Amino acid sequence: MSAVCLSLHDISKVFGGGRGKSRSVCLFRDVSFEIQPGETLGIMGHSGAGKTTLGKIIAGLEKPSSGYVAFRGKNIFQLKRKEFRQFRRCIQMIFQDPEGSFNPVKTLGQSLLDVLKLVQCPSSRWEAVIKDILPEVGLGLDVLDRYPYQLSGGMNQRAALARVLLLEPGLIVLDEPTSALDLTVQAQILHLLKRLKNDKRLSYVLISHNSQVIRFMSDRVGTLSNGRVSFS
């Protein structure tokens, strides 16, 4: 990674306003900030403020209406296909509903194998890699034959982390990663995320409406309100 992990330059997002459409809605405008290597940047805001949309833009899953995201000094939306694939491997996103992010007709083992095939991991190493990653997120080998609906919310979130870690990312966008979990499991997942950050030298963008979660996890906090991001 470069000295600056990722940077946003005058990002704006507007919905609607085209011919035959309703009046346009501006979620946010002229958002600029940098995410440093090893940093957890918290983003707070009320429901509907645009936090998830901003997270998707950071992860390259959605394009802004104007402005750009720079990775290693380059606009990610102007990268060539091979470069963009490399970017997408380095920057991952975990969503609020981990069960919904898995294919419901595949076991966890099959979903993890899909990732290893995607990154062209030699088949001779598949078993060893999976056996190594599961303990890191607090899961046992018994989950490999289970489907997402057979796992608890906390186990699905751990499984989602395992799948992302197989890609060896540098930054993970966490979209309300504990909001659907009970308080005990929330605490376990947050401590797990902190440990993984240190062990893997990760950067996080943590999106949440929960100020306690944000303050516990974050090195720096931005609040998205009235279309602007302010830092404290």
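This passage describes a predicted model, beginning with a sheet and its helices and passing on to side-chain pairs and one loop residue.

The sheet is open and has six strands, arranged in the order β6-β7-β8-β3-β9-β10, and the pairing within the sheet is mixed. Its edges are formed by β6 (91-94) and β10 (228-231), each of which pairs on one side only. From one strand to the next, the twist averages 20 degrees. Within this order, β3 (residues 40-44) pairs with β8 (residues 203-207) in the parallel sense, and four bridges join the two strands. In this pairing Leu-41 is placed opposite Val-205 of β8.

Two helices lie across the strands β6 and β7. Helix α2 (residues 81-90) lies across β6 and β7 (171-175), and the helix runs at about 50 degrees to β6. Helix α5 (residues 153-165) also lies across β6 and β7, but its direction is at about 170 degrees to β6. Angles are taken between N-to-C directions and run from 0 to 180 degrees, so a value of about 170 degrees places α5 and β6 in nearly opposite directions.

Helix α2 also contributes to the aromatic contacts. A pair of aromatic rings is described by the distance of the centres and the angle of the planes. Four aromatic pairs are found in a search of the whole structure. In one of them, the ring centres of Phe-71 and Phe-87 are 5.2 Å apart and the planes meet at 65 degrees, so this pair is edge-to-face. Because Phe-71 belongs to strand β4 (residues 66-71) and Phe-87 to helix α2, the pair ties together parts that are 16 residues apart in sequence. Both Phe-71 and Phe-87 are buried. Phe-87 also pairs with Phe-84; here the centres are 5.7 Å apart and the planes are 40 degrees apart, a tilted arrangement. Phe-84 and Phe-87 both lie in helix α2 and are three residues apart, about one turn of the helix. The surroundings of these two residues are not alike: Phe-84 is partly exposed, with a relative accessible area of 26%, whereas Phe-87 has 0% relative accessibility and counts as buried. Through these ring pairs, Phe-71, Phe-84 and Phe-87 are linked into a cluster.

Aromatic rings also take part in contacts with charged side chains. The charged end of Lys-194 is placed over the ring of Phe-216, at 4.1 Å from the ring centre. In a further case, the charged end of Arg-220 sits over the ring of Phe-231, at 5.0 Å from the centre.

Side chains of opposite charge can pair when their charged atoms come close. The count of salt bridges in the model comes to 10. One of these joins the side chains of Glu-62 and Lys-13, with an N to O distance of 3.5 Å. Glu-62 lies in the loop between α1 (51-58) and β4, and Lys-13 lies in strand β1 (residues 6-15), so the salt bridge ties together parts that are 49 residues apart in sequence. Glu-62 and Lys-13 are both buried.

Another salt bridge is formed by Lys-200 and Glu-136, at 2.7 Å from N to O. Since Lys-200 is part of helix α6 (residues 183-200) and Glu-136 is part of helix α4 (residues 126-136), this pair ties together parts that are 64 residues apart in sequence. Both ends are partly exposed: relative accessibility is 35% for Lys-200 and 25% for Glu-136. Asp-114 and Lys-106 form a further salt bridge, in which the closest N and O atoms are 2.6 Å apart. Asp-114 is partly exposed at 31% relative accessibility, and Lys-106 is partly exposed at 27%.

The last site to be described is Ser-218, which is found in the loop between α7 (211-217) and β9 (220-225). With a relative accessibility of 15%, Ser-218 counts as buried, because the limit for that class is under 20%. Ser-218 and Glu-39 are separated by 179 residues in sequence, while their C-alpha atoms are 7.8 Å apart in space. Leaving aside residues up to four places away in sequence, Ser-218 touches Thr-40, Leu-41, Gly-42 and Leu-206. Leu-41 is the residue that stands opposite Val-205 in β8.

Terms used. Residues numbered from 1 in each chain as written. Predicted model: local features only at pLDDT ≥ 70, side-chain atom pairs only at ≥ 80, totals over all residues. Heavy atoms only, no water. Pairing = 2+ DSSP bridges. Contact = heavy atoms within 4.5 Å. Phe/Tyr/Trp six-rings, centres within 6.5 Å; stacked < 30°, edge-to-face > 60°. Buried < 20%, exposed > 50% of the residue type's maximum accessible area, 1.4 Å probe, protein only. Lys NZ or Arg CZ within 6 Å of the ring centre and 35° of its normal. Salt bridge = Lys/Arg side-chain N within 4 Å of Asp/Glu carboxyl O.
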